[in-house]
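Grab the viewer and work through these exercises at your own pace. Each one sets a task and then walks through a solution.

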Amino acid sequence: MPGRGADQGPGRGRPARPRRRAEVGPWDGEADVVVVGYGVAGASAAAEAAAHGADVLVLEHTGGWGGAAAMAGGFIYLGGGTALQRACGFTDTPEAMHAYLSAAMGAGADADKLALYAERSVEHFDWLVDCGVPFRAAFFDRPGWEPDADQGLMYSGGENAHPFAELVPPAPRGHLPRMADKRTGERGGGWMLMRPLVATAEARGVRVRYDTRFEALVVEPDGRVGGVVARHYGAEIAVRARRAVVLATGSFAYDPAMVARHVPLLVGRPGAAVEQHDGQGLRAAQAVGADVAHLHACEAALLADPGLMARGIVVDALGRRVINEDTYPGRIGHALLSHHGSQGFVLADEEAVDAARADAGPLAFLIPPRPTWVGDDVDQLERESGIPCGALAATLALYNRHAERGEDPVHHKAARWVRPLRAPWGLFDVRGHTAGFPLGGLRTDVDGAVLDVDSAPIPGLRAAGRVAAGLSAGGYASGISLGEGGFFGRRAGRAAARDG
Ligand code: FAD
């Protein structure tokens, strides 16, 4: 169930070419630091720039704060021994977190960012708490897209599953703001994160102009970025940035042309993004010479119940198992999408379905009321689903043969989840049920300076959040976006306050 059609993004393809200072009229407003976008990266940048003495103006396309972050489930990927990890009885170190990130984020990930993020993650958690983000010291010990209630900590990157569990001592790092009457959107984890961040920024004097859509950067005669051109209710306005512009406009998930060019796996399946993620910020920075990184990288969620998958097996259209099913479900989705054309099925038995449904709590809606096909006869399931005759039977026989001994030598699912699957079986059709968002973007340094193709910072321009390339070079864990958006957003804001 991918999101709505990728060709429906608002105002996609608007010109992003930079304006020379002489081309724009008198400034309609000014600030030391102009932050574009009021989601997690923008709010964090604004709050820190203001804390470091800057007069800050945020320009936000929509009529309110929050962006995708406020709609998010709320995982924030943090570790290294946060107070929440310790309160829940877990030991973690910056070294272990760094080792996990190095293994999980993909070849070519930015080494400086990985190292800094692991080293200062505890400090960022403490900063969030100081801003008023609430966390409940309770651990959710089951596979899931989210905890079933307001537990604050969960495994969110497959740290306790193959292959990471064998490489690095596992620690859960998915930190979730406490939410009352859990639901997506208002009162979801992302909203509980964003509300205090926005309150912090505004208590520090940050000004906001809503309904203002950034279009292009303004370049001074000396080549420095000196402001932005935006549209406010149809009228063009120009806003001067005395020190720096911080772009925090999110990803390009809703620019179908950019998706087709850079991350074609996601064509027609944007997910966990908002329509304002239309790539305008990225293109405007490219138009002043910005370099980009990891544009091929994407998060790809399989919209199925992780508890059901862990208890069953996930097979492709040829009946072959895909991955260890107890891992982070984003890894299952990514494996299915990148190597199997998003053509997947979940095979489970009655015991697995009942147990998954009992565990899923409010998220039980992820499990369809009944399997797509049910039966005692695998041949019949194959015929009905179109899996080649004998292929599913062979996979099931091999799985069960090892499962009798509580083992999975093929994909290394943890013994806790391994049990022979007995008739009657249910086969769930999850073909095409992947959706996701791009992870690549502008190439930046650890303080958000946007780098050009010669790796030189573009004066007056910083970026953070999904508009920039961050920790991921292809791998992902839930919480990386909200985590790095805040972490590197703060750094960008702090540095912007000193620019000029
Ligand atoms: P955003 O938070 O989206 O902020 C960008 C802001 O910029 C928006 O307010 C937007 O309106 C504004 N903007 C865009 N273009 C312009 C423009 N031209 N002019 C002015 N303003 C503009 N991530 C996690 O880490 N953990 C999760 O648990 C998680 N769950 C998710 C669940 C859902 C349902 C969704 C939708 C997303 C989820 N994500 C999650 C992803 C995460 O929310 C985003 O990747 C993250 O918010 C990106 O941060 P950002 O600051 O770059 O963008």
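**Exercise 1. Sort the ligand shell by residue class, then find which helices and strands build it.**

Start with the classes: the shell around the ligand has 17 nonpolar, 16 polar and 3 charged residues. Here Ala, Val, Leu, Ile, Met, Phe, Trp, Tyr, Cys and Pro count as nonpolar, Asp, Glu, Lys and Arg as charged, and the others, Gly among them, as polar.

Before going on, keep in mind that this is a predicted model, where local features need pLDDT of at least 70, side-chain atom pairs count only at pLDDT 80 or more, and totals for chains, interfaces and linings use all residues. Residues are numbered from 1 along each chain as its sequence is written, and side-chain values use heavy atoms, with hydrogens and water left out.

Next, pick out the nearest residues. Of the 36 residues around the ligand, E60, A68, H277, R466 and L482 come nearest; a residue is near a molecule or strand if one of its heavy atoms lies within 4 Å of it.

Now map the shell onto secondary structure. At least two shell residues each come from α1 (40–51), α2 (67–71), β9 (212–219) and α16 (480–498). Helices (H or I, at least four residues) and strands (E, at least two) are DSSP runs, numbered from the N terminus. The largest share, 4 residues, belongs to α2.

**Exercise 2. Find backbone atoms that sit by ligand oxygens, and say how much of the ligand is covered.**

Go through three residues in turn. A backbone N or O atom of F75 is 2.9 Å from an oxygen atom of the ligand. For A41, the distance from a backbone N or O atom to a ligand oxygen atom is 3.0 Å, and for S481 it is 3.2 Å. Then look at coverage: on its own the ligand has 1,000 Å² of accessible area, and the protein covers 93% of that. Accessible areas come from the Shrake-Rupley method with a 1.4 Å probe; for residues, only the protein chains shown count as cover.

**Exercise 3. Lay out the four-stranded open sheet.**

First get the order: the 4 strands run β4-β7-β6-β5, with mixed pairing. Two strands pair if DSSP finds at least two bridges between them. At the edges are β4 (76–77) and β5 (139–140), each pairing on one side only. Then zoom in on the β6/β7 pair: β6 (residues 153–154) and β7 (residues 174–175) are antiparallel over 2 bridges, and L153 has H175 in β7 as its bridge partner.

**Exercise 4. Describe β2: its cover and its two partners.**

Is strand β2 mostly covered or mostly uncovered? Check the burial: 7 of the 8 residues in β2 (residues 29–36) are buried, meaning under 20% relative accessible area (exposed is over 50%, partly exposed in between; 1.4 Å probe, protein chains only). That makes β2 mostly covered.

Take the partners one by one. With β11 (residues 235–247), β2 pairs in the parallel sense over 7 bridges, and V34 stands opposite V245. With β3 (residues 56–59), the pairing is parallel over 4 bridges, and V33 faces V56 there.

Follow V56 one step further. A46 is 10 residues from V56 in sequence, yet their C-alpha atoms are 6.3 Å apart. A46 lies in helix α1, and counts as buried because its relative accessibility is 0%.

**Exercise 5. Track down the unusual backbone angles.**

Begin with the cis peptide bonds. One runs from H162 to P163, with omega near 5°; P163 is in the loop between β6 and α7 (164–167). Another runs from A423 to P424, also with omega near 5°, and P424 falls in the loop between α15 (391–403) and β17 (425–429).

Move on to positive phi outside glycine. D211 has phi near 55° and sits in the loop between β8 (207–209) and β9. S342 has phi near 60°, in the loop between α12 (329–340) and β15 (344–349).

Why do D211 and S342 get different burial labels? D211 has 27% relative accessibility, so it counts as partly exposed, whereas S342 is buried because its value is 1%.

Definitions and conventions
A polar contact is a pair of N or O atoms within 3.5 Å; within protein, one must be able to donate a hydrogen and the other to accept it, and residues adjacent in sequence count only if both atoms are side-chain atoms.
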